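Reader: I'd like to learn how to read burial, packing and surface patches off a model. Can you walk me through it?

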Amino acid sequence: MHFNRSMKTQRKQPKIKIRLHLLSVLIFALFSILLLRLAYLQIFQFKRYHTLSLHNQMNIIPIPPPRGIILDRNGVVLAENIPVYSLEITPEHIKNLPSTLKKLKTLLPSISEEDINHFNHVRKQNRPFVPIPLKLKLNQEEVAVFASRQHQFPGVNIRARLMRYYPFRETMAHILGYVGRINLQELKQINPSNYRATNFIGKAGIERFYERILHGKIGYQQVEIDASGRTLRVLNKQNPLSGERLYLTIDSRLQRAAYEALKDKRGAIVIINPQNGEILAMVSSPSYDPNQFVNGITFKEYQKLATARERPLFNRAVRGLYPPASTIKPFMGLAGLEKGVIDAKYSIYDPGWFRLPGISHAYRDWKKTGHGVLNLKRAITVSCDTYFYQLGSKMGIAAIEDVLMRFGFGQLSHVDIQEEAAGILPNKQWKKQMKGSSWYPGDTVITSIGQGFMLASPLQLANATSALSQKGKRFRPHFLQKSVQNDREKIHVYKILEEYPMHLKNDSYWDIITESMRAVITSNEGTGYRFGRTAPYTVAAKTGTAQVVGGFHYEKIPYEEIPEFLRDNSLFIAFAPTEAPEVSIAVVVENDFAASNIARKVLDSYFKLKETTNS
Amino acid sequence: MKANPRPIYRLTHKAIHIDFPLLSLLLTLIILGGFILHSASNQDFSMLLRQTMRLTFALGMMMIFTLIPPHKYKLWTPWIYSVGLLLLIAVMLMGKVGKGAQRWLDLGLFRFQPSEIMKLAVPMMAAWYFDKKTLLITPSSLLVSLFIIFIPTLLIAKQPDLGTALMVAASGLCVIFLAGIRLKIVFSLFSLISLAAPFLWHFMHDYQKQRIFTLLHPENDPLGAGYHIIQSKIAIGSGGLLGKGWLEGSQSHLNFLPEHATDFIFAVGSEEFGFIGSALLIILISLISLRALYIAKNAQTHFTQLLSASLAMIFFLSAFVNIGMVMGILPVVGIPLPLVSYGGTAMVTFLTAFGIIMSISSHRILFNNLATSAKF
């Protein structure tokens, strides 16, 4: 043994022992901390905690914050919280329960046997001081009847809960979205202690995008309860902080007019103030009643909405992607001027078709006989395809993409609802990646008239039209104007985000395009005849007709005989007044030619509303 | 230097390699814990029964591990560490597929957490690495050892199991400290961190600051983590000097106290057994740790010294973090109280660790070939 020890000391560094001693000291120090803390809690603070535990005992009741209401730009309520009344009974305070129930049933005949059975069932599972609902959702009349007799029913109370309500129903559904019960996935993304008392969360649209500021901050009551759990008194109360009140850029009157104009059709309308990107109205038709979702939609009803062929749940305004068709032509013309391929005077002769060199296929104009000699202005006015076939194939896809990109095509606009789709602005790499084949000159030709692979949403069209009207100045489209924090009267005015502006080589290009679009309406051969040649305001516009099925020869069949889902989509973009544009619009109507008529109705109501507001 | 010399061991206590002082301290703690658990489980006898079965299994594991001589542990260390690391990665990958709990590995018969193996494997591997490096640590060996420690730590933290990750890192760092990192470096690191803290604070986002505030002042978040601490402090404080008596704790039995059989079991004991009982619990835990450190002091090789000391520290620190959390002086991290909280995995890990420590104490080198040849 002795021998052993001498061996050991030779082989080991002695310092490890010092460090082991240091660790022992550490253990002793931490031990002392625990002991001191224990003594502090159990001996010095004993009285305090003893009292707390005797009173037994504290319970914390969360209080939900009222969800922020949503208003339009003029203060009209778009989403509010309305009280829903239920009749509650606290069994402990009732002397004779069966007779009370009988009396209540005679007073309010809508109380069914089933309600009573359910009440009795729930009552047995709860302690007697817990109020139990007998009848949910009393109507106003029942509330009034009961309130007048309340003194006869001690222990019976009416309780109000807040429920989200959308007074505009279908009209605003695709903007506001709706709230619904929190699901598991959403539960992971929220702070559970802030949502302790909340059952609903924004599921779509504004309700979803601004969930964070709409929800507010939870409050709580610290109450003293006895050993059986009865509340004795309130110790401490922290009021909830209600969600912020949102003011949208929407004008509900214009929104309603737009909704009415598009009713019974499928399509979308987007109206923007081009001077700041405020969205004044946005309609996707057909629509749905968001209140259904709040009350809890049945599976059958939901199935019906989700599988309907008209797809009412689909937000066509931001998610619907359509070939822009001839509405792309003003932008193509601008690209041609900017890239120096054409000038205002440059003209061609249109025989009714266009042929690529060395390829026999003829790309036809919509007018079989051709338009004769035309320059850019006339090409836009009569919506000549041949002119743009030629312009596009001269410019090449890269130059087209370069200019169209600056108008926001093929990109998200970052509007403040989440459902947006980016659309497609095709180029060589895109085709290689998505279609696995190379780009042909023919692809450029059909892209030049907004067909082929190119797809844009109505919002993108309205957005691009706005940029055109402001000579290249662009703003991010948005719905939120300002929000007000109720409890602190704090107003947040949301910044208008200006996007990188476009500068052309020559500012007169803008005027050339505006003039051409003006002629679409005013000129005798302009395609905007359905809009009406005269209006009490000046308009610059472009029509569009998109084939739903390629190569369908319409001339041979009378329009009425074409199956509805094969009829062309019609599009219309415009801004007004041309001197100082303050409104821009994009209309897309599926399988119907009505876009121009609808745009006229909506623009008329815009200017009429403006007049009534000013006077 | 040739291959490992074969040491010859002197057998103590005949065939049973047990450190009796340590065993009696452990059994006292376990029995006291059983009483507390019986109360904490609201006298649910099946819970106590299940815990007893786990305990029997864990004690059996401890006995088996006492029999294995320390040089065998040293031999196996790299394998244990590598397998543990692979299992951690397997759990991570399987967890990704299943999207469920990422800590458990289902072996059909039973499930276990590979992170528990790492509580033993990381100090073993670090001790193995420093075994031959008896001089002060060089920067390069420091770097290697930090890798040994932090790869599994990060994997565990990602599961996410912050509590276990912290303990694994602490046990490894303890080995580095003992192996002879310059004290200057330790102190300068500490001072660097404390100097940098205000700057870090300045650069943090508001919501990050808010989280730290909640850790420091749980009362501000009475609906979240703060609720546990408030209730646990009431339970402990109302126990007073002598406690409310066994099975009489009102806080624990009225369900005011959350997790009262697992993470917050110390509060149940404190309420019912008072200051005397809780102090006894803390003293027992400290004595166990000190006894294990004493064994480390008398251990004969660098490897066994480092290993037994760091295992002792991981036990003590686990207990310290748990009790500190329950008493509201440390943030809420999910670490159970070793050998007392309900649950089997940690019980097996810690008793296995004590098995290794006892093996180190009872297998003593009698005669060493290499040393002998050098001497004579």
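Reader: Which residues are buried in H17(A)?

Author: Keep in mind that this is a predicted model. Burial is judged by relative accessible area, with under 20% as the cut-off. In H17(A) the buried set is Asp385(A), Thr386(A), Tyr387(A), Phe388(A), Tyr389(A), Leu391(A), Gly392(A) and Met395(A). That makes eight of the eleven residues in the helix, which spans 385–395, so "mostly covered" is a fair label.

Reader: What sits on either side of it?

Author: Just after H17(A) comes Gly396(A), with a positive phi of about 90°. As for Cys384(A), its relative accessibility is 0%, so it counts as buried.

Reader: How many disulfides does a search of the whole structure find?

Author: Zero, over all chains. Over in chain B, Cys174(B) has a relative accessible area of 9%, and is therefore buried.

Reader: How should I read a longer helix, and what does H23(A) pack against?

Author: Start with the general idea. An α-helix has 3.6 residues a turn, so residues three or four places apart point the same way. Now the case here: H23 of chain A covers residues 595–614, 20 in total. From first C-alpha to last it reaches 29 Å, close to the 28 Å expected at 1.5 Å a residue. Its buried residues include Ile598(A), Val602(A), Leu603(A), Tyr606(A), Phe607(A) and Leu609(A). The buried residues of H23(A) pack against helix H11 (252–262) and five strands of chain A: S11 (267–273), S12 (278–285), S21 (540–546), S22 (569–576) and S23 (583–589).

Reader: Okay, and the surface? Which residues make the nonpolar patch?

Author: Tyr40(A), Ile43(A) and Phe44(A) from chain A, along with Leu241(B), Leu242(B) and Ile276(B) from chain B, make a nonpolar surface patch of about 650 Å². Helix H2 of chain A, residues 15–44, gives the largest share, three residues.

Reader: Why does Tyr40(A) count as partly exposed?

Author: Tyr40(A), which lies in helix H2 of chain A, counts as partly exposed because its relative accessibility is 38%, and that class runs between 20% and 50%.

Reader: Now zoom out: what does chain A look like overall?

Author: Chain A has 23 helices and 23 strands, and 53% of its 615 residues count as buried. For contacts, look at sequence separation: among those between residues at least 6 apart, 70% join residues at least 24 apart. The accessible surface of chain A is about 29,800 Å², with 53% of that area belonging to carbon and sulfur atoms.

Definitions and conventions
Residues numbered from 1 in each chain as written. Chains lettered and ligands numbered in written order. Predicted model: local features only at pLDDT ≥ 70, side-chain atom pairs only at ≥ 80, totals over all residues. Heavy atoms only, no water. Helix = DSSP H or I, 4+ residues; strand = E, 2+ residues; numbered from the N terminus. Expected span 1.5 Å × (residues − 1). Buried < 20%, exposed > 50% of the residue type's maximum accessible area, 1.4 Å probe, protein only. Contact = heavy atoms within 4.5 Å. Disulfide = S-S within 2.5 Å. Patch = residues over 30% accessible without salt bridge, like charges linked within 9 Å, V, L, I, M, F, W, Y side chains within 5 Å. Areas by Shrake-Rupley, 256 points an atom, 1.4 Å probe, with all protein chains shown as cover. Salt bridge = Lys/Arg side-chain N within 4 Å of Asp/Glu carboxyl O.
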